[in-house]
Amino acid sequence: MIMAPNPNSQTITITPLFSGSSGNAILVSSEDTLILVDAGMNCKKIVEALNIVRINPFDLSAILITHDHSDHISGLDVFTRKFSIPIYATKDTWSGIHAAERKPHLPSLDNEVIPEEEFTIGNLGIVAFPTPHDTSGSCGYCFSSGSHKAAIATDIGYMTDTIFEHLRGCEGILLEANYDKDMLWNGEYPYYLKKRIDGNYGHLCNDDCASTVAALCKAGTRHFILGHLSKENNLPQVAERTVVRALQDEDLVRDRDFTLRIANRYVPTEPLILGDV
Ligand SMILES: [Zn+2]
Ligand SMILES: [Zn+2]
């Protein structure tokens with residue numbers, strides 16, 4: 001049984017509910033704040049996953065959206081009308097959300113996120129940072145509470161200096177490890193799709209994820225979750241091996257210098273708890 005974090009301690013907890021090209025929803029929580037990042041599975045499945053981690057959907061403080069692709073917003077429409085949780089997204093992402101809605105939700109739930117401008121929800125400080133991806137308004141999020149800092153960064157065409165600076169100094173990060181280059185280019189996808197995924201506005205490959213994780217670990221980050229793995233062009237063990245090797249090359253030892261886990265595609269992953277526990 002996966003347990004929700006102890007509400008009395010100063011923590012930031014990252015609990016991936018679903019992660020991958022088939023749908024994304026990640027719970028970020030602190031002692032008094034529960035935030036869902038993305039709602040890219042149908043409402044029933046999100047509610048089931050929240051039940052597994054013992055969260056009542058009505059207790060969510062907010063939903064943050066990274067961008068308007070369906071694997072990040074497909075459940076938002078129904079979920080929002082059912083539970084009336086405030087939603088935060090960038091201006092361009094709001095255009096995509098509204099275009100995809102079958103029925104309008106309460107406009108009072110809409111909140112606009114301005115990248116690089118900190119805002120607070122409950123006791124969490126939040127900063128959105130832009131990500132290069134093939135839809136406008138795409139972003140990742142940093143979370144801070146007291147001395148603790150965490151980040152979620154997926155759907156990244158390439159690792160920009162801006163993203164890296166936002167990730168530097170976080171204790172825990174969920175970072176995209178979308179595809180293995182050999183599996184992609186030797187796989188069944190049509191050429192245009194391979195080009196899109198491997199391009200500067202597609203996704204982050206295992207090798208680039210690995211070099212980023214190694215650099216972040218050397219800069220002090222200790223806990224990593226690999227997320228948004230492709231179903232067709234990656235395997236959890238391939239992503240894990242690639243990242244661990246890059247860290248070993250820097251003489252960084254697992255469970256001494258860093259922890260690493262892979263976000264599960266279909267069921268909640270063991271929470272990563274950062275803080276005074
Ligand atoms: Zn996307
Ligand atoms: Zn995605």
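In which strand is Leu36 found? The legends below start there and then move through this predicted model.

**Figure 1. Leu36 and its surroundings.**
Leu36 sits in strand β3, which covers residues 34–37. Is Leu36 buried or exposed? Counting C-beta atoms inside 10 Å gives 28 neighbours, so Leu36 is classed as buried; the threshold for that label is 20 or more. If you set aside residues within four places in sequence, its contacts are Ala25, Leu27, Leu60 and Ile63. For a sense of scale, try the pair Leu36 and Pro236: 200 residues separate them in sequence, and their C-alpha atoms are 24 Å apart in space.

**Figure 2. The whole protein, before zooming in again.**
The protein has nine helices and 14 strands. Its radius of gyration is 17 Å, close to the 19 Å expected from the globule rule for 277 residues, so the protein is as compact as a globular protein of that length. Along the principal axes, the C-alpha atoms fill a box of roughly 50 × 45 × 35 Å. Half of the picture is interior, in the sense that buried residues make up 50% of the 277 residues. Among contacts with a separation of 6 or more, 68% come from residues 24 or more positions apart.

**Figure 3. Strand β5 with its two partners.**
Here you can look at strand β5, residues 87–90, which is covered on both faces. Ile87 and Ala89 lie on one side, Tyr88 and Thr90 on the other, and all of them are buried. Two bridges pair β5 in the parallel sense with strand β4, residues 62–64; one to look for has Leu64 of β4 partnered with Tyr88 in β5. Strand β6, residues 110–113, also runs parallel to β5 and is joined to it by four bridges. In β6, Glu112 is the bridge partner of Ala89. Follow the chain from β5 through helix α4 (residues 91–100) to β6 and you trace a right-handed β-α-β unit.

**Figure 4. An open sheet of seven strands.**
The strand order in this sheet is β7-β8-β9-β10-β11-β12-β13, and the pairing is mixed. Which strands stand at the edges? They are β7 (119–121) and β13 (259–262), each with a single partner strand, so one side of each has no neighbour in the sheet. On average, neighbouring strands are turned by 25° against each other, direction ignored. Strands β8 (residues 124–130) and β9 (residues 139–145) run antiparallel and share six bridges. Within β9, Ser144 stands opposite Gly125.

**Figure 5. Two helices packed on the sheet.**
Helix α8, residues 206–218, packs on the sheet and touches β11 (172–176) and β12 (223–227). The direction of α8 makes about 165° with that of β11. Helix α9, residues 236–248, also packs on the sheet, touching β12 and β13. Its direction makes about 160° with that of β13.

**Figure 6. Strand β11, enclosed by the structure.**
How many residues of β11 are buried? Five of the five are, so the strand is largely enclosed by the rest of the structure. Gly172, Leu174 and Glu176 point one way, while Ile173 and Leu175 point the other way. On one pairing, strand β10 (residues 148–153) runs parallel to β11 and is joined to it by four bridges, with Ala151 standing opposite Ile173. On another, β11 and β12 pair in the parallel sense over five bridges, and Glu176 has Gly227 of β12 as its bridge partner. β10, helix α5 (residues 161–167) and β11 together make a right-handed β-α-β unit.

**Figure 7. The largest nonpolar core.**
In soluble globular proteins, nonpolar side chains tend to be buried together. The largest nonpolar core in this model has 77 residues. Which of these touch the most other members? They are Ile63, Tyr141, Ala151, Ile173, Val213 and Leu226. Helix α8 supplies the largest share of this core, with five residues. Zoom in on Val213 and, not counting residues up to four places away in sequence, you will find Leu175, Phe224, Val243, Ala246 and Leu247 touching it.

Note on methods: Residues numbered from 1 in each chain as written. Chains lettered and ligands numbered in written order. Predicted model: local features only at pLDDT ≥ 70, side-chain atom pairs only at ≥ 80, totals over all residues. Pairing = 2+ DSSP bridges. Axes fitted to C-alpha atoms, helices over the stretch in contact; angles between N-to-C directions. Contact = placed C-beta atoms within 7 Å. Buried ≥ 20, exposed ≤ 12 C-beta atoms within 10 Å, placed from the backbone. Right-handed = clockwise from strand over helix to strand, strands pointing away. Core = buried A, V, L, I, M, F, W, Y, C linked by C-beta atoms within 7 Å. Rg over C-alpha atoms; globule rule 2.2 N^0.38 Å.
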